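Colleague: I am new to this one and would like to know not only what the parts are called but what justifies each word. Could you take me through the reasoning step by step?

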Amino acid sequence: MPAPMRRFAAWMLVPGLLVLAWTLVHKAYLLEPEHALAPHEVAALTELGAAAAADLDVPVAALLVHGGVVIGRGRNTVRRDGNAGGHAEINAISDALVTLGPAGLDALDRDKLVLLTTFEPCAMCRGAILEYRIEQVGLVEPKSLRHHAGQAWKAIRYELTKMKLGPDGLQDSLFRLHPGYDPARDRH
């Protein structure tokens, strides 16, 4: 391992161990139920999860709800569709996008928007949740502390091993091809 990576890993070790110790002592990783799902939400999630299981996909289901009204439904479809992005949460967001359109989804009051899922979202799904500004997520089953520790290490490893490629300006030239390109907007 190169010296900068070793220094970074050593620098991250102490704070990481302190956070881990605090989490274990306070059992912060255990979520207590704050709300019960409505019977129609339980029925919809059960139906979606069973359909995923019937297709030999992981039986995870999600609903995107706005003001108590389901605007998007999703289940895992990775195996069925051969699509790496076919996770329940992304499928629920995609369903809402098809129904409302991007502008319609973007215009919704975020205080009334919640994603309900049967299993804690993965990093990819969390990225979609952040990208679409879904600020409230309710989950039935959280992932384990061991899982989160492993994901944190994978995220650090990703940051340490990513590479900047050339040529400079390539992505900017691609942005300029889009009809909605606005050089004043912050790009990601």
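**Helix H4 and its surroundings**

Colleague: What covers the buried residues of H4?

Modeller: The cover includes strand S1 (61–66), strand S2 (69–75), strand S3 (113–119) and helix H5 (123–131). Please keep in mind throughout that this is a predicted model.

Colleague: Which residues of H4 are buried?

Modeller: Near the start of the list stand Ala-88, Glu-89, Ile-90, Asn-91, Ala-92 and Ile-93, and the list goes on with Ala-96, Leu-97, Gly-101 and Leu-105. Each of them carries that word because buried means under 20% relative accessible area.

Colleague: How do you know that H4 falls short of a straight helix?

Modeller: H4 covers residues 88–106, which is 19 residues, and at 1.5 Å a residue a straight helix would reach 27 Å, whereas the end C-alpha atoms of H4 are only 20 Å apart. A kink of about 100 degrees is found at Leu-100, shortly before the proline Pro-102.

Colleague: What makes H4 and H5 roughly parallel?

Modeller: The two helices pack at an angle of about 25 degrees, and their axes are 8 Å apart. Angles under 35 degrees count as roughly parallel, and therefore H4 is described as roughly parallel to H5. By class, their contact has 6 nonpolar residues, no polar ones and 1 charged residue.

Colleague: Which residues of H4 and H5 meet?

Modeller: From H4 come Glu-89, Ile-90 and Ile-93, and from H5 come Met-124, Cys-125, Ala-128 and Ile-129. As Glu counts as charged, Glu-89, one of the residues that meet there, belongs to the charged class.

**Single residues**

Colleague: Why is Ile-129 called buried or exposed?

Modeller: Ile-129, which lies in helix H5, has a relative accessible area of 6%, and because buried means under 20%, Ile-129 is called buried. Leaving aside residues up to four places away in sequence, Ile-129 touches Ile-93, Leu-115, Pro-121, Ile-134 and Val-137. Ile-129 and Glu-89 are 40 residues apart in sequence, yet their C-alpha atoms are 8.1 Å apart in space.

Colleague: Why does Ala-50 count as buried, exposed or partly exposed?

Modeller: The relative accessibility of Ala-50, which has its place in helix H2, is 44%; a value of at least 20% but not over 50% falls in between the two limits, so Ala-50 counts as partly exposed.

Colleague: What is unusual about the backbone of Leu-56, and how exposed is this residue?

Modeller: Leu-56 has a positive phi of about 65 degrees although it is not a glycine. Most residues other than glycine have a negative phi, so a positive value is worth pointing out. Leu-56 lies in the loop between helix H2 (39–54) and S1, and because exposed means over 50%, its relative accessibility of 67% makes Leu-56 exposed.

Colleague: Where is Arg-133 found, and what is its phi?

Modeller: Arg-133 is in the loop between H5 and strand S4 (136–141), and its phi is positive, at about 55 degrees, although Arg-133 is not a glycine. With a relative accessible area of 36%, which lies in between 20% and 50%, Arg-133 is therefore called partly exposed.

Colleague: How do you know whether the peptide bond from Gly-166 to Pro-167 is cis or trans?

Modeller: Its omega is near 5 degrees, and the bond is cis. Most peptide bonds are trans. Pro-167 is found in the loop between helix H6 (145–161) and helix H7 (170–177).

**The whole protein**

Colleague: How many helices and strands does the protein have, and what part of its residues is buried?

Modeller: There are 7 helices and 4 strands, running α-α-β-β-α-α-β-α-β-α-α from the N terminus on, and buried residues make up 26% of the 188 residues.

Definitions and conventions:
Residues are numbered from 1 along each chain as its sequence is written. This is a predicted model: local features need pLDDT of at least 70, side-chain atom pairs count only at pLDDT 80 or more; totals for chains, interfaces and linings use all residues. Side-chain values use heavy atoms; hydrogens and water are left out. The expected span of a helix is 1.5 Å times one less than its number of residues. The bend at a residue is the angle between axes fitted to the seven residues ending there and the seven starting there. Buried means under 20% relative accessible area, exposed over 50%, partly exposed in between (1.4 Å probe, protein chains only). Contact means heavy atoms within 4.5 Å. Axes are lines fitted to C-alpha atoms, for helices over the stretch in contact, and angles run from 0 to 180 degrees between N-to-C directions. Angles under 35 degrees count as roughly parallel, over 145 as roughly antiparallel, 65 to 115 as roughly perpendicular and the rest as oblique.
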